[in-house]
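Let's take a stroll through this protein model together. Have a look at the sequence and the 3D view, then read on.

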Amino acid sequence: MNKNDKAAVVAELTETFKNNNFVYLADTTGLTANETNALRRMLFAKGVSMVMVKNTLLRIAMQESGKDFGALQDRSMKGQTCVLTSEVQKAPAESLKQFRGAKDKPVLKGAWIDNAVFLGDDQLATLVNLKTKEDLVGEIIGLLQSPIKNVIGGLQNSGPQKIGGLIKALEER
């Protein structure tokens, strides 16, 4: 790979990092060519992009992206590395878990999700169960609506007697 090719790879990776808030790094060492192709097909079907990169070029792209990858930038730069990115936060983690099945390959080196760093393969289960921003907002809205629904339901069940009584009590004050 000549200098121009390396610069092009770094520029492309830098743009990828700038445009994505969900970056996963995995090690595919030990997978056969057929297994790697099967992994690529499955990731593509789930909307996950997979790029094999040299660790030195990856480190340079991380630095040039302007984002703070913290310990992910230092500790995960050994062996083969593939970069997984997606618009959906959990898609790469779920895909890796599904592909692995009973095997232990590919190995998750780490992930960077909205400035949070997850290091090591033991974090895969955590990443699969991590709630998205949309999930959390939906839960909060549901919690906020619950008391209001209870009050309205109580008033509707009692009918006009309670509402009339409340209005009369307010008029007397």
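## A tour from one tryptophan

Let's begin with Trp112, which counts as buried because its relative accessibility is 1%. Here, buried means under 20% relative accessible area, exposed means over 50%, and partly exposed is in between (1.4 Å probe, protein chains only). Before going further, note that this is a predicted model, where local features need pLDDT of at least 70, side-chain atom pairs count only at pLDDT 80 or more, and totals for chains, interfaces and linings use all residues. Residues are numbered from 1 along each chain as its sequence is written, and side-chain values use heavy atoms, with hydrogens and water left out.

**Rings that meet**

Which ring does Trp112 pair with, and how are the planes set? Rings of Phe, Tyr and Trp (its six-membered ring) pair if their centres lie within 6.5 Å; planes under 30 degrees apart are stacked, over 60 edge-to-face, and the rest tilted. By that rule there are 2 aromatic pairs. In one of them, the ring centres of Phe69 and Trp112 are 4.9 Å apart with planes at 50°, so the pair is tilted. Phe69 sits in the loop between helix H3 (55–64) and helix H4 (71–75), while Trp112 belongs to strand S4, so to speak a distant part of the chain, 43 residues apart. Phe69 is buried too, with a relative accessible area of 0%. Ring pairs join Phe17, Phe69 and Trp112 into a cluster.

**The sheet around it**

Helices (H or I, at least four residues) and strands (E, at least two) are DSSP runs, numbered from the N terminus. Two strands pair if DSSP finds at least two bridges between them. The model has an open sheet of 5 strands in the order S2-S3-S1-S4-S5, with antiparallel pairing. Its edge strands, each pairing on one side only, are S2 (48–53) and S5 (116–119). From one strand to the next, the twist averages 20°.

Now back to S4 (residues 107–113), which is joined to S5 by 4 bridges in the antiparallel sense. One bridge partnership there puts Ala111 with Phe118 in S5. The hairpin of S4 and S5 has 2 residues between the strands, and Asp114 in this hairpin takes a positive phi near 45°. S4 also pairs with S1, again antiparallel, over 6 bridges, and Leu108 in S4 stands opposite Ala26.

Why is S4 described as largely enclosed by the rest of the structure? Because 6 of the 7 residues of S4 are buried.

**What fills the inside**

A nonpolar core is a set of buried Ala, Val, Leu, Ile, Met, Phe, Trp, Tyr and Cys residues joined through side-chain atoms within 4.5 Å. The largest one here has 22 residues, and Tyr24, Leu39, Leu84 and Leu127 have the most contacts inside it. Two or more residues each come from S1, H2, S2, S3, H5, S4 and helix H6 (124–129). H5 gives the most, with 4 residues. A second, separate core has 15 residues, among them Val23, Leu25, Val53 and Val83.

Let's zoom in on helix H2 (residues 33–45), where you'll find Thr36. Thr36 counts as buried because its relative accessibility is 16%. Contact means heavy atoms within 4.5 Å. Leaving aside neighbours within four places in sequence, Thr36 is in contact with Leu31 and Met50. With that same allowance for neighbours within four places in sequence, Leu39 is in contact with Thr28, Leu31, Met50, Phe99 and Pro106.

**Charged partners**

Side chains of opposite charge can pair when their charged atoms come close. For a salt bridge, a side-chain nitrogen of Lys or Arg must be within 4 Å of a carboxyl oxygen of Asp or Glu. How many turn up in a search of the whole structure? The search finds 2 salt bridges, and here they are:

| Salt bridge | N to O distance |
|---|---|
| Arg100 and Asp121 | 2.7 Å |
| Lys131 and Glu139 | 2.5 Å |

The Arg100 and Asp121 pair links distant parts of the chain: Arg100 is in helix H5 and Asp121 in the loop between S5 and H6, 21 residues apart. Is Arg100 buried or exposed? Arg100 counts as buried, at 12% relative accessibility, whereas Asp121 counts as partly exposed at 25%. In the other salt bridge, Lys131 is partly exposed at 41% relative accessibility, and Glu139 is partly exposed with a relative accessible area of 38%.

Definitions and conventions. Axes are lines fitted to C-alpha atoms, for helices over the stretch in contact, and angles run from 0 to 180 degrees between N-to-C directions.
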